[in-house]
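Reader: I should like a close look at one part of this structure, namely its aromatic pairs and the surroundings of the residues that form them. Please set out the account in one connected answer.

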Amino acid sequence: MTGSINNEKEVVMNTRITTRKWDDFHAHLRQEELLRIAVPHTAAYFERALVMPNIKPPVCDMLVAKRYRNEILDVAHRSGYPDFEPLMTIKIVDGMNSGTVSLAHAFGMVAGKAYPVGATTNSEEGVSDFRHPRLRRVFEEMEAGGMVLSVHGEMPLAPSLEREARFLCELEWLATQFPKLKIVMEHITTRKAVEAVCSLPSTVAATITVHHLFLTLDDVIGGKLNPHHFCKPIAKTLDDRAAVQEAAISGNPKFFFGSDSAPHRRENKECGAGEAGIFTSPVAPSLLAEFFESRESLHRLESFVSRFGAEFYGLPLNKGTITLIKEPWEVPRIYSSFIVPFKAGETLQWKVVERS
Ligand code: DOR
Ligand code: ZN
């Protein structure tokens, strides 16, 4: 049996689903060798991706942004994805000039990404105090121009399981001080974050990753340590995951997909100081379909991956469709001999068969 889930009211038959093409509103496309692997895996399934700026040197000005965008487009074209559109972000850092963000916006960069200093990979330069007067001009400029503020919402000096919850007062402060600024709390992992995002005005939204729909802390440290489940923010409790899962299938436009797919070399994960980040882009469509199906919510999948994010960012909806069928496939154990994907070696139930 086949069926379409374009229409919420349509009856869904569970072996084939077709939706509008998808967006990933949070992707780490990396550089050099990793870039050449990350870009095709994202572009294969996502028409657009919001590209994180935490590369080296960081995307803090137009020159770096232009160069980086061209590199991404070059790989996408050469991999057979000429329609892939990288949505560029600029990294917000202490002491930044507000003119830099307006230039970035004029160049077409859709968001400024703020990492608290030390919060995660390559965040040595970032924001040490969101309330610092110098940043006020930057946020005002973004607010006036309609540029989105995307935040890694964790307080790095708090105990690791409390970092996200401790950031919520900063989120509330930002939303109150800059009432027209569109803010995305990225990769939420806690019930408290879900509640905060729901309670704040419609200018505040959140992305949800696929790995946080599947993992709890026990999947990281409950048995033998699994470095391939280690990411920031770290997965939390069953109750937190239940809240994030409910938000994803709720149909509330404040919650949309951002994979946070973050490949690292295997030796940098399986070592004494393992990097945070999970490479999910090869399995994201399959796992999203599996999760939404398990919650009898396949009719909500399309909005989550191709409508709510675009609408929040004020972007047109993608044209064309993507089709998945229910057919088992085995996730490779490793890509290019050095990147271990999420669910490596496991059998998943859904696969993408067509994009048009
Ligand atoms: O786990 C993560 N990895 N979280 C982030 O916020 C950054 C990412 C990375 O760049 O490796
Ligand atoms: Zn990220």
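Author: Phenylalanine 257 and phenylalanine 304 are both buried in this predicted model. Their rings form a tilted aromatic pair, with 6.1 Å from centre to centre and 55° between the planes. This pair joins distant parts of the chain, since phenylalanine 257 belongs to strand E9 and phenylalanine 304 to helix H12 (residues 298-306), 47 residues apart.

A second pair is formed by phenylalanine 291 and phenylalanine 292, whose ring centres are 5.5 Å apart; the angle between their planes is 85°, and the pair is therefore edge-to-face, as the angle is over 60 degrees. Phenylalanine 291 has a relative accessible area of 4%, and because this is under 20% the residue counts as buried. For phenylalanine 292 the relative accessibility is 0%, so this residue is buried as well. Ring pairs connect these four phenylalanines with Trp22 and Phe46 in a cluster. In total, the model contains 14 aromatic pairs.

Phenylalanine 257 also leads to threonine 209. Beyond its neighbours within four places in sequence, threonine 209 is in contact with His187, Phe257, Gly258, Ser259 and Asp260. The threonine is located in the loop between strand E8 (204-208) and helix H7 (211-214), and it counts as buried because its relative accessibility is 0%. Its side chain makes a polar contact of 2.8 Å with the side chain of histidine 212. A polar atom of the threonine 209 side chain also lies 3.3 Å from the backbone nitrogen of histidine 211.

Asp260, one of the residues in contact with threonine 209, takes part in a metal site. The zinc ion (ligand 2) is coordinated by His26 (NE2), His28 (NE2) and Asp260 (OD), at 2.0 to 2.1 Å. Histidine 28 and aspartate 260 lie 232 residues apart: the histidine is in the loop between strand E2 (22-27) and helix H1 (32-43), the aspartate in the loop between strand E9 (255-257) and helix H10 (266-269). The spacing of the donor residues in sequence is H-x1-H-x231-D. Both histidine 28 and aspartate 260 are buried.

Strand E9 is also met from helix H6. The buried residues of that helix pack against helix H5 (163-177), strand E7 (183-185), E8, helix H9 (238-249) and E9. In H6 (residues 191-199), Ala193, Val194, Ala196 and Val197 are buried. These four lie on the same side of the helix, because they cover an arc of only 165° around its axis. The face turned away from this buried side bears Lys192 and Ser199, which are exposed.

Trp22, a member of the aromatic cluster, leads in turn to glutamate 47. Apart from its neighbours within four places in sequence, glutamate 47 is in contact with Lys21, Trp22, Asp83, Phe84, Glu85, Asn318 and Arg355. Glutamate 47 is part of strand E3 (residues 46-51); its relative accessibility is 11%, and it counts as buried because this value is under 20%. A polar contact of 2.6 Å joins the side chains of glutamate 47 and arginine 355.

Charged groups placed over rings complete the account. Arginine 265 lies over the face of phenylalanine 338, at 4.0 Å from the ring centre. The charged end of lysine 182 sits over the ring of phenylalanine 312, at 5.7 Å from the centre of that ring.

Key. Residues are numbered from 1 along each chain as its sequence is written. Chains are lettered from A and ligands numbered from 1 in the order in which they are written. This is a predicted model: local features need pLDDT of at least 70, side-chain atom pairs count only at pLDDT 80 or more; totals for chains, interfaces and linings use all residues. Side-chain values use heavy atoms; hydrogens and water are left out. Donors are N, O and S atoms within 2.8 Å of the metal (3.2 Å for Na, K and Ca); water is not among the atoms, so sites may look incomplete. Helices (H or I, at least four residues) and strands (E, at least two) are DSSP runs, numbered from the N terminus. Buried means under 20% relative accessible area, exposed over 50%, partly exposed in between (1.4 Å probe, protein chains only). Rings of Phe, Tyr and Trp (its six-membered ring) pair if their centres lie within 6.5 Å; planes under 30 degrees apart count as stacked, over 60 as edge-to-face and the rest as tilted. A charge sits over a ring if NZ of Lys or CZ of Arg is within 6 Å of the ring centre and within 35 degrees of the ring normal. A polar contact is a pair of N or O atoms within 3.5 Å; within protein, one must be able to donate a hydrogen and the other to accept it, and residues adjacent in sequence count only if both atoms are side-chain atoms. Contact means heavy atoms within 4.5 Å. The arc is that of the directions from the helix axis to the C-beta atoms.
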